[in-house]
Amino acid sequence: MLRELVADREIRALNDTAFAVTPALREAYASGDDEELAEVAMAEAARASLRLLAEEQAVADLGGEDAGDESGKTPAGPVFRRAVIAADVDGATLRPDLDDAVVRLSGPITYDRIASIHVDLAEAESEVAKAVDVIDAADMGDADAEFVLGDAEDHQLAWYAAQELPFLLDLL
């Protein structure tokens, strides 16, 4: 999806689902300023990116057409790093039926609306790969899977300016 963002200069979130500081999120936390609440929303988005990686892995395992290209420029299968795009958007609709921080976007996000991009560093890859394998079990309440997820979530996402994304992708 990040490669498509660079190529197309816009990105459409899967099912237009995104994460934000919402009134419900504010209400769920007795204290915390906007920056702390934004970190909570980012953590939720990072966890959701594990589901995208799981889907990408499933496609690669099946030998699907999205499993890379012959030039080697697009990897065959996922790069096991969580990624979150922070953007300034208008027109998002609250989705309290899904979770406190979930919103539905009204359309694609253009490159000029992106504030920053947050991606795991290389040392997180093994823990992220393990977390991808257990994300569904963790969602179902499996304590061991939640522990594995915690190992991945212990890694802080690195911050990148939007204009750095093409160079970051070349390094992955």
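**Warm-up**

Is R113 buried, partly exposed or exposed? In this predicted model, R113 has a relative accessible area of 32% and is therefore partly exposed. Let us take that residue into the opening exercise.

**Exercise 1. Find the salt-bridge partner of R113 and place both residues in the chain.**

Solution.

- Step 1: Look for a carboxyl group beside the R113 side chain. The partner is D90, and the closest N and O atoms are 3.5 Å apart. The cut-off for a salt bridge is 4 Å, so this pair qualifies.
- Step 2: Locate the two residues. R113 sits in the loop between β6 (109–110) and β7 (114–119), and D90 in the loop between β3 (83–87) and β4 (93–94), so the salt bridge ties together parts 23 residues apart in sequence.
- Step 3: Add the accessibility of the partner. D90 counts as exposed, at 59% relative accessibility.

**Exercise 2. Work out which helices are joined by the salt bridges of R47 and D139.**

Solution.

- Step 1: Begin with R47. Its salt bridge is with E146, where the closest N and O atoms are 2.8 Å apart. R47 belongs to helix α3 and E146 to helix α5, so parts that are 99 residues apart in sequence are tied together.
- Step 2: Check how covered these two residues are. R47 has 17% relative accessibility and counts as buried, while E146, at 32%, counts as partly exposed.
- Step 3: Turn to D139. It forms a salt bridge with R51, and here the closest N and O atoms are 2.7 Å apart. This pair links distant parts of the chain, 88 residues apart: D139 is in helix α4 and R51 in helix α3.
- Step 4: Compare their accessibility with the cut-offs. D139 has a relative accessible area of 38% and is partly exposed; R51, at 33%, also counts as partly exposed.
- Step 5: Put the pairs into context. The whole structure holds nine salt bridges.

**Exercise 3. Describe helix α4: its span, its bend and its buried residues.**

Solution.

- Step 1: Take the ends. α4 covers residues 125–139, which makes 15 residues, and its C-alpha atoms span 21 Å from first to last, close to the 21 Å expected at 1.5 Å a residue.
- Step 2: Follow the axis. A kink of about 50° is centred on D133.
- Step 3: List the buried positions. They are V128, A129, A131, V132, I135 and A138.
- Step 4: Consider the spacing. An α-helix has 3.6 residues a turn, so residues three or four places apart point the same way. With that in mind, try viewing V128, V132 and I135, which are among the buried residues of α4.
- Step 5: Ask what covers them. The buried residues of α4 pack against α3 (34–61) and α5 (143–153).
- Step 6: Step past the end of the helix. Just after α4 comes G141, with a positive phi of about 95°.

**Exercise 4. Do the same for helix α3, and say which elements its buried residues pack against.**

Solution.

- Step 1: Take the span. α3 has 28 residues and reaches 40 Å from first to last C-alpha, close to the 40 Å expected at 1.5 Å a residue.
- Step 2: Pick out the buried residues. Among them are L37, V40, M42, R47, L50 and L53.
- Step 3: Name the packing partners. The buried residues of α3 pack against β2, α2 (23–28), β3, β7, α4 and α5.
- Step 4: Look at the surface too. L52 is found in this helix and counts as partly exposed, at 34% relative accessibility. Together with M1 and L14, L52 forms a nonpolar surface patch with about 280 Å² of accessible area.
- Step 5: Finish at the residue that follows. After α3 comes G63, whose phi is positive, near 75°.

**Exercise 5. Find the sequence-distant neighbours of T17.**

Solution.

- Step 1: Place the residue. T17 is found in strand β2 (residues 17–19) and is partly exposed, with a relative accessible area of 27%.
- Step 2: Set aside neighbours within four places in sequence. T17 is then in contact with V102, V103 and R104.
- Step 3: Take R104 from that list. T17 and R104 are 87 residues apart in sequence, yet their C-alpha atoms are 4.7 Å apart in space.

**Exercise 6. Locate R9 and N15, which have positive phi without being glycines.**

Solution.

- Step 1: For R9, phi is about 65°. R9 lies in the loop between α1 (2–8) and β1 (10–11) and counts as partly exposed, at 45% relative accessibility.
- Step 2: For N15, phi is near 55°. N15 lies in the loop between β1 and β2 and is exposed, with a relative accessible area of 58%.

Key:
Residues are numbered from 1 along each chain as its sequence is written. This is a predicted model: local features need pLDDT of at least 70, side-chain atom pairs count only at pLDDT 80 or more; totals for chains, interfaces and linings use all residues. Side-chain values use heavy atoms; hydrogens and water are left out. Helices (H or I, at least four residues) and strands (E, at least two) are DSSP runs, numbered from the N terminus. The expected span of a helix is 1.5 Å times one less than its number of residues. The bend at a residue is the angle between axes fitted to the seven residues ending there and the seven starting there. Buried means under 20% relative accessible area, exposed over 50%, partly exposed in between (1.4 Å probe, protein chains only). Contact means heavy atoms within 4.5 Å. Patches are made of residues with over 30% relative accessible area and no salt bridge: like charges are joined within 9 Å, nonpolar side chains (Val, Leu, Ile, Met, Phe, Trp, Tyr) within 5 Å. Accessible areas come from the Shrake-Rupley method with a 1.4 Å probe; for residues, only the protein chains shown count as cover.
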